[in-house]
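Reader: Hello! Could you take me through one part of this model closely, strand by strand? I would enjoy a connected account.

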Amino acid sequence: MAADGGSLLRALPCAFSPKSHEYLALCAQDGRLRIWDTDSKALHREYIPSAHLSATCTCISWGPCRTAKEGPQRKKRKSEAPQAAEKADLLALGTAAGSILIYSAMKGELHCTLDGGHSGQVNSVRWHPQDALLYSGSEDSYVAEWDLQTGKTRCKWKADRGPVSCVCVSPDGNLLLSAGQTIKMWDLETKEVYRRFTGHLTAVSTLCFATTRPPDSDSLYFLSGAASDRVLSVWQVRSDGKDKNAVLSFTLTEEPRHVDLVASDDKAVRVAVVCQDGQLHVFEHFLNGPCKKPLAPSCSVQVSSPGGRPGEDDTPLPVPLLAVAQCSGQQDLLLAYGNHLQPVVEKVTVNTAERHVCLVRDVRTTLSLSIETAVSKVKTPIVNTSGKVLVPGLPGHRAPVKTAQGVTEKRKQGSGTKEMSIEERLGEIDLSTASGGQKGPKGAPSLQTDSYAVLLVQGLESKDPTILNKVFLTKKDGLIKKTIARLPIPSVLPLVEELTKRIQSHPYTAVLMVRWLKAVLIQHMSYLSTLPDIVSQLGVLYHVIESRVKTFHKLTRLHGKLYLLMTQVAASDQVHTVKELEHRAKLVYEDESSEEDEASGDEGLPDEDSDNWEEDERMSETAERSEDEEEAAADEEMNVESKVNGDSDLDPENESEEE
């Protein structure tokens, strides 16, 4: 059985069908599902999900083999009716949006869609071996049990604190393994934890059972592999519960990507592991308890292709292996190598006695042959040069067609004009271009240089700055959109690189370049998202935009502060100018009745100046002082007379005043 249900980080899912390995299912970079026939090496089915760009496929898993009819067939007699063979039909696809698609490989259509079970990305899907059930683990840390007859969840429980990266169902259908960084074994009847296993520092990416569950529970084993881990661990489930550590480990060169295991109870277990570096390692070991030393692979297989050109030294280049399946023969392996868009499937016999096996294959010739024979459905007819062309309308359809030649000969004989030489044609072209807006004679061919799309393609191919400057100086949004819409697809990426270079080297032209860049992203974003190395190609543009966005925030703050200062300065200047204007009277009003009031009230009063008023005040003050002095002298004389007469002793009022 193949560990095809795990979600491997940065790896595209691929899996062979169970038992007969008749089909190979792959999800490529463009989000499409392709199913290849391993016998004919031809493309069997191709399915494009409706949201293949936004909700890409993250994991796939083949369902159990079943008997299904591909289409309507005629009825056969009982004597010639053969037994219906079981074939792999249903394929479960987990998506990044949290939904699961069930695809039928025989019918070539979508069987059903499972929604509402997960709120995050689906990392792993596995089928129940007997019942029509499906188990899935997601980023939302939940494990869901799906009923395919109703298309709804039967049960859902939280399996870990973090994301559930992988799930696996036991061959008897009674136990379930779920893993994040900790591996948990669940009893599917009670949905309770049966065992816990710890030993991986990173997220577990591979889980598969090595043996079935016999009456003696001490012989139940399963395998696990984690991200960035070069070891495939083997765990034993014991009845006494002393199974906290791994009993065995297989050493690998890189992180495991695909595992195919042939389980048996009485024979040695054969394990084939495809690593991240594209190598295949084959192990064969009898599981009978713990082993202290890690086991090295009995055989390592690598595929390479001659990389040199004719006339040069041929240096082999490695070809990555995608998946492996063990056949009925002990040394027979079914390999899938190359790329996900066009894989190469080959059945080889490997001598496990050799430690290292290198298979040299020319992938380029294999790809060209398989594409022509398998994928291409357009056939060109074979044209015989000696055959006659039959044109409707001629009697008997036998006479050759000569009307076109006769018309041209008559035209040549009737026209007395001489054919122009190349020099004369070039001279007319120069005159037409120099005249600018003047129109040439009727019938003269017009040049296509005024088309911005043609000029842009020519400038990108020749890298002529004059042509590119003429095109990029356009400020009309409508013309820019039409030019980008007419631009051919191969010129989109060079245009983005040219715009990035200009924005980076000449910042003052960014206002014009951003209009072109916006039109390119709106028109050709779907094409750019399908490029495999889009991150490396558009990384410079991303960093330029990010740096400008960071600077924009600082400039916005500075603009706000300067705006506040300028408004305060303007307000203070306005206040000062108002105060100066208030000192001057804007309006003077004189009442007409003022002269009459003055005449009536002040007729008897003499007109005096302010100086006469001051002199009068001084004279009044001196008169008052003289009067005060005279009164004080009179009082003193009376006091003296009273003392002489003796009135001071007899007067009680005077005594009280003295006291």
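Author: Happy to; what follows looks at one open sheet and then at two loop residues. This is a predicted model, in which local features need pLDDT of at least 70, side-chain atom pairs count only at pLDDT 80 or more, and totals for chains, interfaces and linings use all residues. Residues are numbered from 1 along each chain as its sequence is written, and side-chain values use heavy atoms, with hydrogens and water left out.

The open sheet has four strands in the order β13-β14-β15-β16, with antiparallel pairing. Strands here are DSSP runs of E with at least two residues, numbered from the N terminus, and two strands pair if DSSP finds at least two bridges between them. The edges are held by β13 (166-169) and β16 (192-197); each has a single partner strand, so one side of each is left without a neighbour in the sheet. On average, neighbouring strands of this sheet are turned by 20 degrees against each other, direction ignored, with axes taken as lines fitted to C-alpha atoms.

At one edge, β13 pairs with β14 (residues 175-179) in the antiparallel sense over four bridges. Within this pairing, V169 has L176 of β14 as its bridge partner.

Now to the loops. K19 lies between β1 (14-16) and β2 (23-27), and its phi is near 60 degrees, a positive value in a residue other than glycine. K19 counts as exposed (over 50% relative accessible area, 1.4 Å probe, protein chains only) because its relative accessibility is 65%. S228 sits in the loop between β18 (220-226) and β19 (231-237). S228 is not a glycine either, yet has a positive phi of about 60 degrees, and with a relative accessible area of 67% S228 is exposed.

Conventions
Buried < 20%, exposed > 50% of the residue type's maximum accessible area, 1.4 Å probe, protein only. Axes fitted to C-alpha atoms, helices over the stretch in contact; angles between N-to-C directions.
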